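User: Could you zoom in on one part of this model for me, the packing on the inside? I'd like to hear what goes into it and what it connects to.

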Amino acid sequence: MILRWRICFSAGVLSLAAATVSGRVELRDSRDPAVRNRADYSGVVVSLKPARGGPAIAPGKHAVMLQKDKTFTPHVMAVPMGIIVVFPNADPIFHNAFSSYSGQIFDIGLYPPGSTRSVRFAREGVVRVFCNIHSEMSAVIVVVGSPHFAATKRDGSYEISGVPPGDYDLSVFHERAAEPALRALTRRVVVGPDGASLPAMTISEAGFLSIPHKNKYGHDYGEEPADRAGYPGKK
Ligand SMILES: [Cu+2]
């Protein structure tokens, strides 16, 4: 009886062991001078899904996407499915955040300086976020159906910590890459008790075109209002 308990206990300890999966991504063929000149390879999301299904995701505390200097920060954010993302407005002007296609559709309305709004992201997918007032503002929220993911740093490196040993399906998202190029990078990876160091991946941005997006009504952006005035559908 005691022996059986000990065996069960050690198996439990083994299943809790978790390690780090690391690797590097390099971006090629970019039209963006900043990416070419400064070799900024940040914002690529690498995720691992257990091949045989995994435990339910505990999304934990909320994530933050700041609105400051007419910029969403971070520009690309990966979050676990089910998490609440808050959008604090740290600018002296009104902002909005909405997504009207792909991923999860939402609109947090127009909200004043110093206030915040939040959205729970319950669906796996890529959410492209815009501001209905400022056409130049955009961001991407990658909602992952697994707790194991990371976004690359400027040098292209990534580290996914807390990964239990097992077989995983790796997938990659990059906002300036074509879908087939990303699909070609999907693969099965084996994570051992000491983690895994994955081979470097190269992603081409060839063929990517930045197409101007519409506002939340599906129309072209008009002249930017100085403040709340002129904002259609204000709340
Ligand atoms: Cu704005």
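Analyst: Two residues count as in contact here if their C-beta atoms, placed from the backbone, lie within 7 Å. The model is predicted, so local features need pLDDT of at least 70 and side-chain atom pairs pLDDT 80 or more, while totals for chains, interfaces and linings use all residues. Numbering starts from 1 along each chain as its sequence is written.

Let's start with I141. Setting aside its neighbours within four places in sequence, I141 touches M77, V79, V85, F121, V127 and V129. Together with V46, I141 has the most contacts inside the largest nonpolar core, which holds 44 residues. Such a core is a set of buried Ala, Val, Leu, Ile, Met, Phe, Trp, Tyr and Cys residues joined through C-beta atoms within 7 Å. "Buried" means 20 or more other C-beta atoms within 10 Å of a residue's own; 12 or fewer is exposed, and anything in between is partly exposed.

Which strand gives this core its largest share? That's β12 (residues 138-144), with six residues. Strands here are DSSP runs of E with at least two residues, helices are runs of H or I with at least four, and both are numbered from the N terminus. The core isn't confined to one domain: at least three of its residues come from domain 1 (23-54 + 146-219), and at least three from domain 2 (58-145). Those bounds come from an automatic or database domain assignment.

Now for V46, the other well-connected core residue. V46 bridges to A150 in β13, and this belongs to the four antiparallel bridges between β2 (residues 45-50) and β13. Pairing, by the way, takes at least two DSSP bridges between two strands. On to β15: β2 runs antiparallel to it with six bridges, one of them putting K49 opposite D169. β15 (residues 166-173) is in turn joined to β16 by five bridges, again antiparallel, and D167 finds its partner there in V190.

Put together, that's an open four-stranded antiparallel sheet in the order β13-β2-β15-β16. β13 (148-151) and β16 (187-191) sit at its edges with a single partner strand each, so one side of each has no neighbour in the sheet. Neighbouring strands are turned by 25° against each other on average, direction ignored; the axes are lines fitted to C-alpha atoms (for helices, over the stretch in contact), and angles run from 0 to 180 degrees between N-to-C directions.

Zooming out, the protein chain has three helices and 18 strands. Of its 235 residues, 26% count as buried. Among contacts with a separation of 6 or more, 65% link residues 24 or more positions apart.

One last stop, on the backbone around β5 (71-73). The loop between β4 (66-68) and β5 holds D69 and K70. Neither is a glycine, yet D69 has a positive phi of about 50° and K70 one of about 55°. D69 counts as exposed because it has 8 C-beta neighbours inside 10 Å; K70 has 14, so it counts as partly exposed. After β5, in the loop leading to β6 (76-80), comes P74, joined to T73 by a cis peptide bond with omega about 0°. Most residues other than glycine have a negative phi, and most peptide bonds are trans.
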